[in-house]
Every structure is written in C-alpha cells, then in structure tokens.
Amino acid sequence: MNDSSQLKSEILEQVIEAWNQLQAQQPLVHCITNSVAANYVANILLAAGASPAMIDNPFEAESFAKISGAISINTGTPTTEQAQAMKITAQTCSNHNKPWVLDPVGYGTILAWRSQTVDELVKFNPTVIRGNASEISTLAGNQVQSKGVDSTLNSADVYLQANVLLQQTDCVAISGESDFIVAKDIPAIIQINGGSFLQPKLTATGCALGALIAAYCAVSKPSIAAIAAHIHFAIAGKLAFEKATSVGSFGVSFLDEIYTMNAEKLKNYADIEIIQ
Amino acid sequence: MNDSSQLKSEILEQVIEAWNQLQAQQPLVHCITNSVAANYVANILLAAGASPAMIDNPFEAESFAKISGAISINTGTPTTEQAQAMKITAQTCSNHNKPWVLDPVGYGTILAWRSQTVDELVKFNPTVIRGNASEISTLAGNQVQSKGVDSTLNSADVYLQANVLLQQTDCVAISGESDFIVAKDIPAIIQINGGSFLQPKLTATGCALGALIAAYCAVSKPSIAAIAAHIHFAIAGKLAFEKATSVGSFGVSFLDEIYTMNAEKLKNYADIEIIQ
Amino acid sequence: MNDSSQLKSEILEQVIEAWNQLQAQQPLVHCITNSVAANYVANILLAAGASPAMIDNPFEAESFAKISGAISINTGTPTTEQAQAMKITAQTCSNHNKPWVLDPVGYGTILAWRSQTVDELVKFNPTVIRGNASEISTLAGNQVQSKGVDSTLNSADVYLQANVLLQQTDCVAISGESDFIVAKDIPAIIQINGGSFLQPKLTATGCALGALIAAYCAVSKPSIAAIAAHIHFAIAGKLAFEKATSVGSFGVSFLDEIYTMNAEKLKNYADIEIIQ
C-alpha cells in the first residue's frame, strides 16, 4: 500500500467512526442561518443524527452557544439582530473552545455589510470555513466577480488559494462539482467526488452542508468532520439520483438517503482522492 | 358501557364534528411562529382545512388578531419585533375573547429572554398551552435540564404536573411518544397514541401541531380542539409510516395524510385512553 | 386565421422564446420575500432555470439591486428592516431601469402598515404588479373585504378593474382559478387556464409565481414575462396533478414539472384565451 492509499484508508476509517459517534451522541448543533435554509438545514441535521436548534437573537446567543456541541454560522440573509448574535456567538465559541463553522454566504465586494461582518467573525478563528469557490477565493484575498450567492469559479481552480486561510482556521472546505478539503493536520488536499448535478438545483444544500460539518465537529476533529460531512452528502446525492431524476423528487430522496446512511454505504461509496 | 368508554365515545364524536367544522368553516388561523417552521406550518394548516396567515410585525398585530378565527403564538426564533407582536396579539386575544394557543418553544433557564416573554404571555391566559415534556414541566415550576429545544423528559412522567397550569389556561397538551391532554372541562386525562417514531425526525412537527390546535380552537371548545389536533396528527403519522419509512418520503406522505383525513379514518384509527 | 388566433400564436411563440432565454441566460433574480415563502421561491426559481438570491437587509439593497437581472418584492411578512430594503430596492430599480415585480401580499385596510409601504412602492412604477383578486381590486381603489392573505373575490370578476393600474405599471397579473393578464402593449386581456385545485393548497405558490414573473422579466418584455410565468405554472400544475392527487406528493411533482418544462410541453399544453 502506498502513502496515498494508506492515508485514504485511515481517513475513511475515521469518517465511519465520526458517523457512528454522530448517531450515538446526537449532539446539539446550534445554527444561525438564513431564512431560505432554516427549515431544510434542521431537517438535514435531524436526518443525519444531530439535534438542531436555531437561535438567532443576540439576547440568548451567549448562553446558548455555551451549551451547544457545535455551532454553524451562515451569513445568507443577515439582519441587524442576527449579525449581533453571530458576533456574540463567535466570541463565546472562541472563549469556551467550542467548535464552530463559518459559511460566509455572499462574501464579496457587492455585499459589503455582511462581508464586513464576516471579516469580524474570522478574527474569532472559526474551526472550519466552508464555502463555494467564489467565496473562498475572495476570502483568501483574491478579486472575484460574483453572481449573487452562486459561485462563478470552479472548486478545482481555487483550492490552492485556501492555504492562506489556515492562519485563521483549522480547515477549509470548498464545495463544487468535486469538493476539496484543506486542513492543517492533513499533509495533502482531499478531493471528494460524487453527488449529483441536481444538488445545486436544490436551494440551501450548501448551507445544510455547513451545518452538517458543524454536527460532525461536535464528535470528531475538524478535518475529519469536514470530510465526513462532504462524503455523507456526496453519497446521498449519488444514491438519490439513482431513484429520482427531477429536482422535487430528488430533494425527497436526498433527505431519505441522508437518513439511511450507514457504515456499509460509507465504505462502499466514498470516493476520495489524495492530492499530494 | 362503563364511564371510560362512554367518555371516550363522546369525545370521539366531538372530534369528528370538530373536523367537519374545520372543513366547512376554513377559519383564518393567524400564526406568529419561527423561521424554521413557517412554511411547514402553513402547509399543514392548508392541508388540514384551515386558512393560515403569518403576520409577525407589531404594527399590524392588533388589527389582524381581531379578524382571525384563532391565533397560534410560538417562541421558536423570536426577534425584538416579533416578541412585541406576540405581546400585542396576546393582549388583543384576551380583550376580544379570541382563542389562542401558546407554544413556549425553548422555555427554560438557558433561554432567558424568550422565557421572560413567555411569562408575560401566560398572564394573558392562553386558551391552550402546548409543548413538549421539558417545556411544560418547566412552565409548571419544575427544574428541568434542557437540551436545546428538544425534550429531555417523557410526556408520561410529566402530565400530572400540568394541572397547576390550569390556573392560567383551559387546557394543556403535552406531546411525546404518547400525547397527554389535561383540560378543565374533562374529568380525566386523555392519552393519545399513534404517530410514528419518524415524526420527531421532521423539524417543526410540534410547531405545526400547536398551529393545528389553534385551527380547531376556531371551530370547537379548547379541550376537543387539542384532542382533535393530536388525533389528526397521530393518525396521519401512523398511516404515513405505512407508506414511507425514510424521513424525506415520510414527510411527503404525512402531508398527504393530513389532507386526506376523513370521518371514517378518525373513527377507525383514533387511539385514545382515559386516565381517571 | 382570425385576429385572436393570430395573437395567440404570436404570444405562444414569444413565451417559448422567453423560456429558452431563461435557460440560456440563467439570470440572477433577487427576491425580497416573506419567511413562509423564501425556501420554496428559491427552489421554484432554480427549477425554472433562474439563479435566485434573497437579500433583504437595507444595507446591501442598493448594490445588490444594481447587479440583479430582475427583482421581486413581496410584502408577505415585512419587518422594519425589510420594508426599508424594499423601498431602497424599488428606488434603485427605478433609477437604473431594472425590471421588478411587486406582489402586494395582504394589501387592504386591515393590514395598514404594509399597505402604506405598498403605496410608496407603487410610486416607483413596478414593471409588473401581480396579486390575487382581492389585492388587485383593492389596489385599483375598490373596497374589498379580505380574509387574511387569501382572496375573497374571483379573478374573473376583477380583471376589468386592473386597467386603472396601467398608469403605474406595464402589466397587471391576477391569479385565481383562471389567471388574467392585462398589459399596456397587448390590445386584449389574456386569460390563462390550467393548473390544479391543489395549487392554492400549497402555501407560497402565489409568491413563487411573482418571483417567476421577475425571472422572465430578466429575459423578455413584461407582458410576455407575466404570461410565460403563468403558463409555466399552469402546465406544471396540470401535469403534476396527473401524477399526484394529495397535497404533499403534488408539491413534489409540481417542482418536478417546473424543472422538466420544455418547448414541446409549452406548445402542447398552453391554454390561453384572448378576451377582446
């Protein structure tokens, strides 16, 4: 077995253990997310085995972050109160060593207010930063032309830029046709294949993925959490598409597949590549 | 026929009549609810026969409560403006004798701000208070350790505690594996069985149940409204699970079954017990 | 071929071209919408071919409107910040000649605050105004008794009243059992038949229709945009009902049919009438 397949097999073992722990512990995952995604994110987390809660007022942010297993902060549709809650939450996570995921939806020059909020949040060192290629590239300091909240770049063209963000975070995850994970504690870039072209046709799949990374962060280390969440999604997407080829029924099957995931499926269908 | 089976049969008759009235009157049910539940609650109410509306700003709260058939107030994700709207609405209901349901999501010491809001709302005497075992137990004055917005207690262990809340309300409904209804005008506790273990795997089913109680309150007395809503849910959950065993397709079937409910199904499948 | 069938055939050709353009251009459609509809609207727009974004804070309203292909403003559940965002957005659209659709949900005397907001928005000359019969009739200056956010009037009784609104807008669309389009540049009223009685049983279908009109406005002229969106919905509703007759599964099929629309189906199933 060469180094790559050794690493691959070690990672897969840890992913399966993370999934087992998620089922066993059902951690409380606190999400500050957008109004488009809230319902869907909660359903994905429940199906995956976590116990979700969405509390987004500033008055309860500190006390709730303290009792959560992990936190997901997503800047999709911020309000003034929600932005305050995000900052208090990030600070509380930082002070109390709680794992948290930052999903900087819409980060870029057009959406200046949220981007400023994101800049402040990044200072509290998110455990994982996840986003699409445009968001990650912009956050890494590059000039990117955006189209609303969807990416104009390919994940494969951007992952090398993510390294610079490891000064602020333990792990960067970039979603796209293939997903890429860059982590401090893994001496390679992990590429995850799978899913279906219908996934980006369902709103809030990226937001739900960010929340699922947080769920896995409550039961495993950041790099494995990010990889596990992406594999969980990639396999569910692939299997759902075998059952449903239009977007409404695909959405239903996708949730079914998130729920019926198991160690066997993770072992058989995980499709990862090691980029040395 | 003994007293219990006499009472059971009287209740079931009234539940069927309540369902008939809901179809005939299609009452306007006004919901101040959380961002996770809003879409789902509206769809459940429409499927059940009601006409839902979600107005949650303080500026229209008074005038809208006045024209509503019944109101549901749910503290899942309150904002400052929404909390103001809740108080104005509860006061308007109290002044104008409108039935309203309080669903104190997350009530407990961790979430102090909403809990304070709930304490103020309770003073306006909700027609029905419904919640999970943790929320009802805490509201009844007991010390409970909570896990986010999900219950850490069993409904069966808590229903006796609910009696003290009848000073503030006509009826208390506790959802769980079995549901329990405690009402001023029924000389027994009503236990409702059914549903599916997948129901708590769908987010916002509790919130939707609270709104459905409100819908039935617009067409029947509080105790029967609470019982009817729980039976409607329990039967739909049981029948949906016969068709779909993973959570995505179960959610679709559940909505189908809420919509295709009828007097025959209520008669055949209602599973209630009288606890004297 | 008489004048009516000539006009009908010209319109249908332009509708098919609009659908083709929507697929080709995938325009960024910016929606300020309500909390009930947000997720569903995004999914409908994605399925139809557009690229949706929901940005509803006032701080990013101007810069985001400028880069959008078209904008949909819906007053279902306004907050103070959202109402500010609506006004800034409408003004930006007016200044920069961006097509925008106004969906004045709940317009009427009971809901005074939003109705005042709508009155201010109308001054910025929406490209299309769409609503149910009650909303359009009230906006046209008639006294209407409303029932929450659902219509108490028939679309067929109201379309003549819509003419007066052409002083403020290029096109008025009234949804109901049949839909009616009144436009400055079409010398007739266009009636669109189809759909299913289950459509109003799904919440936010009207809101999604308004957003879809905006999507088509990004790629065609207002009258054709309104007609195309209504035909897209009417056909999807008709075909979905052939596959699913209860509301949960109908909702899934409806989204499937929105996504699998094509020129062939538009040609075969479009059911429009010309009212001279």
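This briefing describes two annotated residues of chain A and then the way in which chains B and C are related. The model is predicted. In the UniProt entry, which is unreviewed, the annotation "binding site" covers R130(A) and S175(A). These residues span 46 residues in sequence, yet their C-alpha atoms are no more than 7.6 Å apart, so they gather at one spot.

**R130(A)**
- R130(A) lies in strand β5 of chain A, which takes in residues 128-132.
- With a relative accessible area of 5%, R130(A) is buried.
- Leaving out residues up to four places away in sequence, R130(A) touches a list of residues that includes V101(A), L102(A), D103(A), P104(A), I136(A) and A173(A), and S175(A) is also one of its contacts.

**S175(A)**
- S175(A) belongs to strand β6 of chain A, which is made up of residues 171-175.
- S175(A) has a relative accessibility of 16%, and it counts as buried because the cut-off for that word is under 20%.
- Apart from neighbours within four places in sequence, the contacts of S175(A) include R130(A), G131(A), N132(A), S155(A) and H230(A).
- The side chains of S175(A) and R130(A) make a polar contact with each other, at 2.9 Å.

**Chains B and C**
- A turn of 120°, with a shift of 0.0 Å along the axis, lays chain B on chain C with an RMSD of 0.0 Å, and the two copies are thus related as by a three-fold rotation axis.
- The copies use different surfaces, since 3% of the contact residues of chain B recur in chain C.
- Among the residues of chain B, S35(B) comes closest to the rotation axis, with its C-alpha at 3.7 Å.

Note on methods
Residues are numbered from 1 along each chain as its sequence is written. Chains are lettered from A and ligands numbered from 1 in the order in which they are written. This is a predicted model: local features need pLDDT of at least 70, side-chain atom pairs count only at pLDDT 80 or more; totals for chains, interfaces and linings use all residues. Side-chain values use heavy atoms; hydrogens and water are left out. UniProt positions are given in the numbering used here, feature names are shortened, and annotations may be inferred rather than shown by experiment. Helices (H or I, at least four residues) and strands (E, at least two) are DSSP runs, numbered from the N terminus. Buried means under 20% relative accessible area, exposed over 50%, partly exposed in between (1.4 Å probe, protein chains only). Contact means heavy atoms within 4.5 Å. A polar contact is a pair of N or O atoms within 3.5 Å; within protein, one must be able to donate a hydrogen and the other to accept it, and residues adjacent in sequence count only if both atoms are side-chain atoms. Copies are superposed by least squares on the C-alpha atoms of residues with pLDDT of at least 70 in both.
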